[in-house]
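Here are my notes for your next look at this model. I have kept them as numbered points, so you can follow along at your own pace.

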Amino acid sequence: MRIEKDPNPPPLKQVLFLLLGLLGALSLLWPILLLYGLGPDQALKAVLETLEEPIGRAEVLRRTIPFLLVGSGLTLAFRTGFFNIGAEGQLLLGAVGAGAVALFLPPGPWTLPLMFLLGGLLGGVWAFLAAWLRARRGVNEVLTTLMLNYLAQYLVLYLVSGPWKGQTVRGFLYTDPFPPWAELPTLAGGLVHWPTLLLGVVLALGLQILLFFTPLGFELRILGGNPLAARYLGLKEGRLLFVLALVSGGLAGMAGVGEVAGIHHRLMEPAQISLGYGFTAVIVAWLARGHPALTLFTAPLMGLILATGDTLKLAYSVPFRLVDVVAGLTLLALVVADRLSQYRWRR
């Protein structure tokens, strides 16, 4: 018997290994929970309490919104070979765009649409920088997008502590509040800004159609599946990379707009705008397996994990960073499972 590369692993095998990876992550998480005095029954109870309570369900939806926008954009990027790890910075640039419109431009019915337009544009441009460096200079986009995250954080800190600093700042840094016409409506009893949620659903389905039912999507899938074949067919790799960057970065920027216009109503320090949504959305995209529409299921799953983390923190005094451990173990297990699914036993 020998192990060899499987050139065409069947979908059922990939799904099976995906489930095994999730079980592996849970088995690794179990002893960590025991260290905090929690058993599986208590963890399950926390999940059920989150789903039973109206506030818990609202929190799941609130966390789902940025995961849906960022995750669907990353799914498209990963499927086509552009490994964008800079969604966190792109989300922050989107928040900056929203703040610029809300604080400095004349009010009107165009305010909210312009906030999403400018925020998405800035997020797309932030990703475009990495795409340009890859296409023109051969620089790995994983490194550039990752480093651009820190530049975005420092830019936001500069703005909220300097030229955009609010008049009533006490302690935390933030700008003046957004005017009422720059605030997104929310569902009663929570912070679920439903226009952004609806936008995320529409865009996730739209990207699915783009990827699988349009000539551009066919070119993108060829680029992601076999870059050499794409070059042989004469596809313009640089142009396709620019499209991917603008779309994936733009959706992350729109998620940033939703966070500041629907929840905080002001531009704040980076750690308060995003709870690591850009990084955690990598798991959302990975679980979607190259299908943007599947983020309609994977984004709420990750939202449930984060909301359950809040429940565990309040009910059992568990550090919230334990949720980061869950996300990290899940991603690690999925990466290993995906790699193993690409091999087979042969006599």
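1. Let me begin with a question: which residue forms a salt bridge with Arg 134, and how far apart are the closest N and O atoms? The partner is Glu 141, with the closest N and O atoms 3.0 Å apart. Please keep in mind as you read that this is a predicted model.

2. The two partners in that pair sit in different accessibility classes, taking buried as under 20% relative accessible area. Arg 134 comes out at 21% relative accessibility, so it counts as partly exposed. Glu 141 has a relative accessible area of 5% and is therefore buried.

3. Arg 134 also forms a salt bridge with Glu 237, where the closest N and O atoms are 3.3 Å apart. Arg 134 belongs to helix α5 (residues 111-137) and Glu 237 to helix α10 (residues 237-264), so this pair ties together parts that are 103 residues apart in sequence. Elsewhere, salt bridges with shared partners join Glu 59, Arg 62, Arg 63 and Asp 310 into one network. A search of the whole structure finds seven salt bridges.

4. Within that network, have a look at Arg 63 and Glu 59, whose closest N and O atoms are 3.7 Å apart. Both residues lie in helix α3, four residues apart, or about one turn of the helix. Arg 63 has 3% relative accessibility and so counts as buried. Glu 59, at 19% relative accessibility, also counts as buried, because the cut-off is under 20%.

5. Next, helix α10, where Glu 237 lies. Its 28 residues reach 39 Å from the first C-alpha to the last, close to the 40 Å expected at 1.5 Å a residue. Of those 28 residues, 22 are buried, so α10 is largely enclosed by the rest of the structure. Just after α10 comes His 265, which takes a positive phi of about 60 degrees.

6. Helix α6 is a nice one to turn around on the screen. Its 21 residues should span 30 Å at 1.5 Å a residue, and the end C-alpha atoms are indeed 30 Å apart. The buried residues of α6 include Glu 141, Thr 144, Leu 148, Asn 149, Ala 152 and Val 156. The buried residues cover an arc of only 155 degrees around the axis, which puts them on the same side of α6. On the other side of α6, Leu 143, Met 147, Tyr 154 and Tyr 158 are exposed. Packing against the buried residues of α6 are α4 (87-104), α5, α11 (270-273) and α12.

7. What about helix α2 (residues 40-52): which of its residues are buried? They are Ala 43, Ala 46 and Thr 50. Seen down the axis of α2, the buried residues fall within an arc of 55 degrees, so they line one face of the helix. The face turned away from that buried side carries the exposed residues Asp 41 and Glu 52. Cover for the buried residues of α2 includes α1 (11-35), α3 (54-79) and α13 (295-316). The length of α2 fits as well: 13 residues should span 18 Å at 1.5 Å a residue, and the end C-alpha atoms are 18 Å apart.

8. Ala 281 is worth a click too. This residue sits in helix α12 (residues 277-288), and with a relative accessible area of 0% it is buried. Leaving aside residues up to four places away in sequence, Ala 281 touches Phe 67, Val 70, Gly 71 and Leu 74. Arg 57 is 224 residues from Ala 281 in sequence, and the two are 19 Å apart in space, C-alpha to C-alpha.

9. Finally, the surface. Leu 61, Leu 187, Trp 194, Leu 198 and Val 202 make a nonpolar surface patch of about 450 Å². Helix α7 (residues 194-213) gives the most to the patch, with three residues. Leu 187 instead lies in the loop between α6 (141-161) and α7. With a relative accessible area of 40%, Leu 187 is partly exposed.

Terms used:
Residues are numbered from 1 along each chain as its sequence is written. This is a predicted model: local features need pLDDT of at least 70, side-chain atom pairs count only at pLDDT 80 or more; totals for chains, interfaces and linings use all residues. Side-chain values use heavy atoms; hydrogens and water are left out. Helices (H or I, at least four residues) and strands (E, at least two) are DSSP runs, numbered from the N terminus. The expected span of a helix is 1.5 Å times one less than its number of residues. Buried means under 20% relative accessible area, exposed over 50%, partly exposed in between (1.4 Å probe, protein chains only). The arc is that of the directions from the helix axis to the C-beta atoms. Contact means heavy atoms within 4.5 Å. Patches are made of residues with over 30% relative accessible area and no salt bridge: like charges are joined within 9 Å, nonpolar side chains (Val, Leu, Ile, Met, Phe, Trp, Tyr) within 5 Å. Accessible areas come from the Shrake-Rupley method with a 1.4 Å probe; for residues, only the protein chains shown count as cover. A salt bridge is a side-chain nitrogen of Lys or Arg within 4 Å of a carboxyl oxygen of Asp or Glu.
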